[in-house]
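Q: Please take me through the empty space in this model. I would like a close look at what lines it, piece by piece.

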Amino acid sequence: MNTKRQLLINTALELFYQQGIHVIGINEVLKQSGVAKKTLYHHFDSKDALILAALQQRHEVFYQWLESKLNQADSDESMIEALFYALESWVSGKESVLGHFRGCFFVNSAVEFSAADSQIAQYCQYHKAQVKKLIGQGLQKQSIYLLDMVCLLKEGFISQSHVNQQAADAQACINTAKLALKASSE
């Protein structure tokens, strides 16, 4: 990938995630990256195209990170624990690959671009569906009830951690998910 294009994506992602998309203008991305406006428009025909590139990069990084955390699990119980301990580690600033925690970039972006026909909102939905699929692949017990419960707990954990500016109770999420696992087995 072209280094200036990558620099623009990295800079935009950092600024958009930490401050919000609508707050950050193209001029701020250019100033922080040191890239010329002509170069930006050579690679991206609009701010939305740059936003989509930033979302795609965040998706790839987050997905690979989460996959590496979940791949270590050998049972549903250990997969549930791996998920919530990984999230706790991220929220607590111990996952440098994900950067400083400021909630879910996809939820934050979807809030700013909520129109159903928005490519940005659609990409955020795609990300959530892919993460849910990944979690589902990690669960040996194939139960839509269990998968939905775990994903709802995951979203609640991330949101509560963001709002309260500290990690939510990972153990409470684990215990609740294990109850759902037990209920889906009966």
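A: Begin with the largest pocket: α1 gives the largest share of its lining, five residues. Keep in mind that this is a predicted model. α1 spans 3-19, and α4 spans 47-70; each of these helices supplies at least two residues of the lining. Now read along the chain. The lining includes Asn 10, Leu 13, Glu 14, Tyr 17 and Gln 18. Further on come Gln 57, Arg 58 and Val 61. Val 97, Leu 98, Gly 99 and His 100 complete the list. By class, five of the lining residues are nonpolar, five are polar and two are charged. The space in this pocket comes to about 160 Å³.

Next, turn to the cavity. A search of the whole structure finds one cavity of 30 Å³ or more. The largest cavity has a volume of about 70 Å³. Arg 58 appears here too, since the lists for the pocket and the cavity both name this residue. Among the other lining residues of the cavity are Phe 62, Trp 90, Cys 104, Phe 105 and Phe 106. His 127, Lys 128, Val 131, Lys 154 and Ile 158 also line the cavity. Two or more residues come from each of α4, α6 (105-112), α7 (119-138) and α8 (144-164). α7 gives the most, with three residues. The cavity lining has seven nonpolar residues, one polar residue and three charged residues.

Key:
Residues numbered from 1 in each chain as written. Predicted model: local features only at pLDDT ≥ 70, side-chain atom pairs only at ≥ 80, totals over all residues. Heavy atoms only, no water. 1 Å grid on protein atoms, 1.4 Å probe; cavity = no way out; pocket = protein on both sides within 12 Å on 5 of 7 lines; lining within 4 Å. Points joined across faces, edges and corners; volume = space filled by probe spheres on them. Helix = DSSP H or I, 4+ residues; strand = E, 2+ residues; numbered from the N terminus. Nonpolar A, V, L, I, M, F, W, Y, C, P; charged D, E, K, R; others polar.
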